[in-house]
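Hi everyone, thanks for making time for this. I'd like to walk you through one structure today, so let me put it up on the screen.

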4 protein chains.
Amino acid sequence: MKRLLVASAAFAALMAHPALATEALVGATLIDGTGRAPVPDAVVVIDGDRVVAAGPRAKVRIPDDATVRDVAGKWVIPGLMDANVHLFFQIMPDSLMRYEGHYEDVIAEAAQVALKNGLTTVFDTWGPREALVNVRDRINSGQVVGSRMYVAGNIIGLGGPNSTDFFPASRQVFSGRIADEIDARWEQGVGADLLWLTPDEVRAKVATYADTTKVDFLKYAASGHAQMQFLTFSPETQKAIVEEGHKRGMTVQAHTSSPESLRQEIEAGADLLQHCDVTGMKPIPASTLAVMAKRKIPCAALLITQKNMTWQRDNLPYPMGSFAPVRDQNARAMIGAGVPLLLTTDAGVYGLEETHPMYKALVAAPDNLTVLGEGHFLWLQAAKELGMSPMEGLLSATKNIAVAYKRPDLGTLEAGKKADLLVLDADPLADPKNYRRISLILKDGKVVDRDALPNPKVTSK
Amino acid sequence: MKRLLVASAAFAALMAHPALATEALVGATLIDGTGRAPVPDAVVVIDGDRVVAAGPRAKVRIPDDATVRDVAGKWVIPGLMDANVHLFFQIMPDSLMRYEGHYEDVIAEAAQVALKNGLTTVFDTWGPREALVNVRDRINSGQVVGSRMYVAGNIIGLGGPNSTDFFPASRQVFSGRIADEIDARWEQGVGADLLWLTPDEVRAKVATYADTTKVDFLKYAASGHAQMQFLTFSPETQKAIVEEGHKRGMTVQAHTSSPESLRQEIEAGADLLQHCDVTGMKPIPASTLAVMAKRKIPCAALLITQKNMTWQRDNLPYPMGSFAPVRDQNARAMIGAGVPLLLTTDAGVYGLEETHPMYKALVAAPDNLTVLGEGHFLWLQAAKELGMSPMEGLLSATKNIAVAYKRPDLGTLEAGKKADLLVLDADPLADPKNYRRISLILKDGKVVDRDALPNPKVTSK
Amino acid sequence: MKRLLVASAAFAALMAHPALATEALVGATLIDGTGRAPVPDAVVVIDGDRVVAAGPRAKVRIPDDATVRDVAGKWVIPGLMDANVHLFFQIMPDSLMRYEGHYEDVIAEAAQVALKNGLTTVFDTWGPREALVNVRDRINSGQVVGSRMYVAGNIIGLGGPNSTDFFPASRQVFSGRIADEIDARWEQGVGADLLWLTPDEVRAKVATYADTTKVDFLKYAASGHAQMQFLTFSPETQKAIVEEGHKRGMTVQAHTSSPESLRQEIEAGADLLQHCDVTGMKPIPASTLAVMAKRKIPCAALLITQKNMTWQRDNLPYPMGSFAPVRDQNARAMIGAGVPLLLTTDAGVYGLEETHPMYKALVAAPDNLTVLGEGHFLWLQAAKELGMSPMEGLLSATKNIAVAYKRPDLGTLEAGKKADLLVLDADPLADPKNYRRISLILKDGKVVDRDALPNPKVTSK
Amino acid sequence: MKRLLVASAAFAALMAHPALATEALVGATLIDGTGRAPVPDAVVVIDGDRVVAAGPRAKVRIPDDATVRDVAGKWVIPGLMDANVHLFFQIMPDSLMRYEGHYEDVIAEAAQVALKNGLTTVFDTWGPREALVNVRDRINSGQVVGSRMYVAGNIIGLGGPNSTDFFPASRQVFSGRIADEIDARWEQGVGADLLWLTPDEVRAKVATYADTTKVDFLKYAASGHAQMQFLTFSPETQKAIVEEGHKRGMTVQAHTSSPESLRQEIEAGADLLQHCDVTGMKPIPASTLAVMAKRKIPCAALLITQKNMTWQRDNLPYPMGSFAPVRDQNARAMIGAGVPLLLTTDAGVYGLEETHPMYKALVAAPDNLTVLGEGHFLWLQAAKELGMSPMEGLLSATKNIAVAYKRPDLGTLEAGKKADLLVLDADPLADPKNYRRISLILKDGKVVDRDALPNPKVTSK
């Protein structure tokens, strides 16, 4: 047994990439993500990319050949996860054109911004499918450093960036062919035209999409994006989409934004309710809330701080100003009822010069949840403000997400799990601000060289 | 028994208003709207506002005190009906402001334009509720001349003229308060905000609307108006709306514009499918068509001539250009399958100076179905082009509508029915153009002074 | 000689309208508007609508039959004037339509708002010509109470409210015919089409306008309104316009908004430079300033407070944010150089519900100069902040305007002048805030019943 | 002396690039561009890039070492010129972004499209300055094949593509920084901000521009581009600009679009009136026309065919529809008065997919003058339709332009001139369609391999 002395930045850099045969983190308080009480003076033993043991020093043997990392006085928690990000976030026309041919660089940079800030796993729920899948594969194969990615590709039933679902104004200045080409990178055969089809026809499109695009999970639109109160697919079609996902072992989630679309998604059997807290002008009906609580349906909620909520309420035009207070009400009701919540931010990397009014308004808001690398800390702060217990907050960002997305080797620090973890300088259960005090990040058992990220800088240069 | 000689226009004018105790139309070919074969040399006896007998001269006794109108060489048919008009049609901002305080004059004028052209009954399916109801009542009580009106008021679930469902651009120049005040005249408590509500909440709103607004029938949105492919209400909500209508003996119809919204409307139990032929980019699925045919669900189809269809196909931008050929395909399929069609036009009176691009495009089209007073003739022409038999065409404009809307005293010329009829100079079954050759109109047993209509001229001056 | 006791509001109302044969205001400090030092314990004698004497008590005899008004401890100054108002101010589409048929009521109300706040004379420099002239005549003939009005009608070379010079967005929703009809009320044959014409052709149009429209003075555009940096008329055309005005004894002014248009206006011989301080992104060139100072050309400057200036600088988008600091610089330079400035506000009455972004931005600004009834007080405050002496400030609002507009019977309190005056409770030369402390207003020798104004309320109800 | 047999395409290709020491074109009818009568059976002798002799066979000696090209039965004319093109033409946002980094390729392609169609010299009057100058230099040094280019860079006083002078809608979707960067490539310090400056300040800016940018001639805006009726610079400023150009031996022209801006340009001393025929809603005044005719001021007129004129008249919205008939009237008047006209097209290369409404309208028009490679043929056709003599038409496209732009070695086929010429299969004076029947192009004495152009294809691929 030998001690590791992190003597210099040069040495740290050297350590960043090669896998350690065996390593032991010794002396920290372990919060293992299972919900069990914190374990003081714990040992976490890692072999390759896996945890082989984690528990009190008295019960965990440190292998003889293990490199020991002394983390006494610190806290060890599972790597954080975000149930909803957009690694290709800048979909305003000039960004689309500026990054033409460089989508993968943009995505890799965002995955690095996420990882640098403690998100060892992220779920991308809408983006240019091919580029996302390629970066995911390069990260997973170790060619590129970045947060572990799972990818939905398109939101089934919605169009691409230049469609009426997002920024149709682009088409006032872009040629139709260019706009269509770009949109197709998102739509991938399951775009807005699906709304004209019968349940069986949609089923066939979704089956092809699931079989051919290498996406990890499915997300469909249960309601409109630009006009949130509209429904998209009939119950029969929603059930068909869910069935096709389940046939293939995929989790299925829906974009919902109204009380009725939320209810329909639940009745269709979705595994995970995406931004369940967003129900527009009216809160979640009591009957729906009761079902969510009883069946413990994982709910990815866009929790916002009180500061952000009041800003939205006071600054956004009708009817949007009314949405944030409803979200606040929903969040408190779900926490009270015991609905399992997931940390979810809808976040991405903002460019330096976004000028679209929508972006401007978001950027102007304090505690903007949708800033990747920052939003998840705000979420954990908001969770506390809304009455969630500290331990439940931690589970929302770790185990709950792994369970909801059916990733059994993620989310906790137990034998056999992926060695994704954070070492913190202060107790996150005492104050959610302490999640920001990251001392060390391990992903797949390897130390992340945070200072080197992102590299190269693309949108953030 | 004495013969009536229609000697002069002066005399005709004299006859226009006072009700005749008893009158007999003698010698024409009678097409009574029941679907039975035409009866040559027929007699129709009218007492007050009712038909007391109609049939071959041999079988119908002419009362001794009857005034006899010699209509030998002519054709007598029931008064025509239109299952979908908008008597307040000019909803561009400057029309709204120009006619502020004069909505009822505008509506009365349109009801007179309809009557003058042979429509003795029209069903208004979206408009400013209070003004429509007032004009309806004044016409029914004989204070005002005009087509018999039945009124839906708002399309449940849609907003008023300045809402995102119609012309939100108005709000770029109008103050919010003015725009809201106007919209409220249409919405009447059952506007677009209903999309945020649960089935029970919608049910309660609809009940209040049905109980308090004096409307004759209900129309709800099964799909969006501006974005046709979106669904509006869940199946549960649609059923609730239909039930509330049926509890009160009202017919219920839905605005549909996609294959799925059409199917949902049928499953919800609607009595009448409004513009069933409009299914956007995809035709009516075979399974849905089979249900329509089997259950003989009345379908109000916006049949257009081949000339209009090809114009729309060739001139409207994507995706709208694709809608007309689909409608054509749907119409032929429904006619082939024996679905009972209703004449429906969506028509209204155009102003002299409408400049909104949408209106301009419509006005530019040949054979524009939506011109009130003209559209129903085009519909009958289109029906022939699409393969409908002449007799079925006539039934679509008469009896089918009365049956669908549950108005048993309308639609045919039989004993006990309302004495609404047209005398034509040529056989409408030989050529639908002959519907235009109107010699005489009786409504409620009274001759309509066509030359005097409309009076006063408001929008058409 | 008898004393007047203003015993009650009822009595005051009784006194409001009938002309007093002779009246003497006794005991106040008189600031007579000539620029002479204030006269303590002064007497102002009024006969009918004229001042017959004004000076120290020792030198002015009070006629025996005069009603004496004891104003000891107060200050008497000439009635205030505004060199640039818009009595019909609400040119957003819904206002145009709402007040259709009621333009004169709107204008009369604004003239009353002005008078109530101490403006006994205003110069309307752009508006619907016929209505303005009618109200002017009704006020002058005593049929209607209101500020004395002088009217320019159109700005020669600019279009009406719905033109590209003002709010062309209106034409997205208005029909062309309605928009044109409205614009014609402003344009009166001297609209934007004049920019296509030769100097001689413009001359002929202006001659007709001056001869037939009963306007009091001429205003032409030396530069664009929406795009301020563009020139409109060539020097030859500008000279032709000025000559035509001068031939008829009319003062001529130009709308200018750039250094070059200001120079051209001066070279064309304009009598009065309208908003001379507005030169866009660049200040008045030294050579132009020298000419203005040497020739003492009256300059109607839109002086704004420092609070308003910094707000504009910090809140308006490029390039408009840069205009206010330039105006500030110009104002200081003109005051320093001794250019005679005129109080000018561009003010009008805001409606209750204006929602156009431009109006919203203006309304949001502190110390908004363009609020009629308030703007002139702000101007006098701004003048002080910019370094103008108190007496010069008073002259800017009285004598300077009368001289510039060639109205020799206005502007000072001297024998033979119109008896337009204010009695103030505090010394306006000590602090411009004291202009707000109005105790009494006389116009045409009659007491104004301020509490009764405006009546009726139209836009402000 | 030996005969050249152009036996095969392969041989022609071989001949394309190497300069011939001496070559003689023998046997064609020579129209030498001086205005002299055509010379049958002529000889044109070329040495290097120059004409050394041109005239009747009897008078021109063919050098012994000359390669002889037998062109009997054909017509030889000077290379055609266009007084106004835009080699970087696609300024819609998606084009700007798509060709980011490739401006020079786009320009070179356009210069090749021009050359391929017989334009041996073009004058680019607005574009991205640096790229244009670079391509010009590469063509002149023989590195790149293309039409000889002369470059104005910016139109002094106008902004770049994303400015209010052109397509400000781009800024609704582009970030300000990107839009500004692009615009600066056009504006080069002499953009729209100059309208705020005094004559002396503008003079200084223009001097710097002329001294530092390597442009060949100056073009300034005498009137607005988006709003044509506005004037831009005062007469003093216009004179200053012209003087600065003349000091440096540059020709100076102005963009004009109204009667007054045309007059001002003439009075300022411009050498060449750019699109003098465009005077908006009113024709050129008689007095201005007289000056143009008397002083023989070269006028670059955008002549359009009757077919195009009537299309514009009947299809463009008010007021644009009125412009084409005025242009027609102006063209006929100038031809009648003997004003020397220059062929000018405003042409450029259209992309495959331009969807901006303005472009769509232009593309939809028959006989679109602004299609580079086609427009000059249409111009010559239009000239005939408008009453110009065949010889005057030819001079408009050759000598007149050389004279107006002060390029004494261009424009005619005389000893000492540049050997730029076309060999045609039919007589262009008999029918302007024959200009299209190009058999051979020589530029700088070298045969142009027309089939190889453009290469590479960029916008036209």
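I'll go through the disulfides, then the chain contacts and the symmetry, and finish with some salt bridges.

Before anything else, please keep in mind that this is a predicted model.

Let's start with the cysteines. How many disulfides does a search of the whole structure find? Over all chains, the search gives four. I'll take you through three of them, beginning in chain A.

In chain A, Cys276(A) is joined to Cys299(A), with an S to S distance of 1.3 Å. Where do these two cysteines sit in the chain? Cys276(A) is in the loop between β13 (272-274) and α9 (286-295) of chain A, while Cys299(A) belongs to strand β14 (residues 299-301). The pair is 23 residues apart and links distant parts of the chain. The S-S torsion for Cys276(A) and Cys299(A) is about 45°, which makes this disulfide right-handed. As for solvent, Cys276(A) is buried because its relative accessibility is 0%, and Cys299(A) is buried at 0% as well.

Now chain B. The sulfur atoms of Cys276(B) and Cys299(B) lie 1.3 Å apart in a disulfide. Cys276(B) is in the loop between β12 (272-274) and α9 (286-295) of chain B and Cys299(B) is in strand β13 (residues 299-301), so the bond ties together parts 23 residues apart in sequence. With a torsion of about 50° about the S-S bond, the disulfide of Cys276(B) and Cys299(B) is right-handed. Buried or exposed? Cys276(B) is buried, with a relative accessible area of 0%, and Cys299(B) is buried too, at 0%.

And chain C. Here Cys276(C) and Cys299(C) form a disulfide, again with 1.3 Å between the sulfur atoms. Cys276(C) is found in the loop between β13 (272-274) and α9 (286-295) of chain C, and Cys299(C) in strand β14 (residues 299-301), 23 residues apart. Why is this one right-handed? Because the torsion about the S-S bond of Cys276(C) and Cys299(C) is about 50°. Both Cys276(C) and Cys299(C) are buried.

Next, let's look at how chain A meets chain B. Chain A brings 34 residues to the contact, and chain B brings 34 residues. How much area is buried between chain A and chain B? About 2700 Å², with carbon and sulfur atoms giving 62% of that area. If you want residues to look for on the screen, try Trp196(A), Gln229(A) and Phe230(A): they supply 30% of the area that chain A buries against chain B, more than any other three residues.

There are polar features here too. The interface of chain A and chain B has two salt bridges. One of them pairs Glu236(A) with Arg263(B), where the closest N and O atoms are 3.0 Å apart. Eleven residue pairs are in polar contact across this interface, both partners being at pLDDT 80 or more. Which elements give two or more residues to the side of chain A that touches chain B? Those are α7 (235-247) and α8 (259-268) of chain A. The largest share, five residues, comes from α8(A).

On to chains C and D. Chain C superposes on chain D through a rotation of 180° with 0.0 Å of shift along the axis, at an RMSD of 0.1 Å. The two copies are therefore related as by a two-fold rotation axis. Which residue of chain C comes closest to that axis? It is Leu231(C), whose C-alpha is at 2.4 Å. Also, 100% of the interface residues of chain C are interface residues in chain D, so the copies meet through the same surface.

Last topic, salt bridges: the structure holds 135 over all chains. In chain C, Glu244(C) and Arg248(C) pair up at 2.9 Å, N to O. Glu244(C) is buried at 2% relative accessibility, whereas Arg248(C), at 29%, is partly exposed.

In chain D, Arg57(D) meets Asp41(D) at 2.9 Å, N to O. That pair connects the loop between β4 (50-56) and β5 (67-70), which holds Arg57(D), with strand β3 (residues 39-47), which holds Asp41(D).

Finally, chain A has a salt-bridge network that links Asp49(A), Arg50(A), Arg148(A), Asp409(A), Lys418(A), Asp420(A), Lys443(A) and Asp444(A). Thanks for listening!

Methods: Residues numbered from 1 in each chain as written. Chains lettered and ligands numbered in written order. Predicted model: local features only at pLDDT ≥ 70, side-chain atom pairs only at ≥ 80, totals over all residues. Heavy atoms only, no water. Salt bridge = Lys/Arg side-chain N within 4 Å of Asp/Glu carboxyl O. Buried < 20%, exposed > 50% of the residue type's maximum accessible area, 1.4 Å probe, protein only. Helix = DSSP H or I, 4+ residues; strand = E, 2+ residues; numbered from the N terminus. Least-squares fit on C-alpha atoms with pLDDT ≥ 70 in both. Contact = heavy atoms within 4.5 Å. Disulfide = S-S within 2.5 Å. Buried area = accessible area lost by both parts, 1.4 Å probe. Polar contact = N/O pair within 3.5 Å; in protein donor to acceptor, adjacent residues only side chain to side chain.
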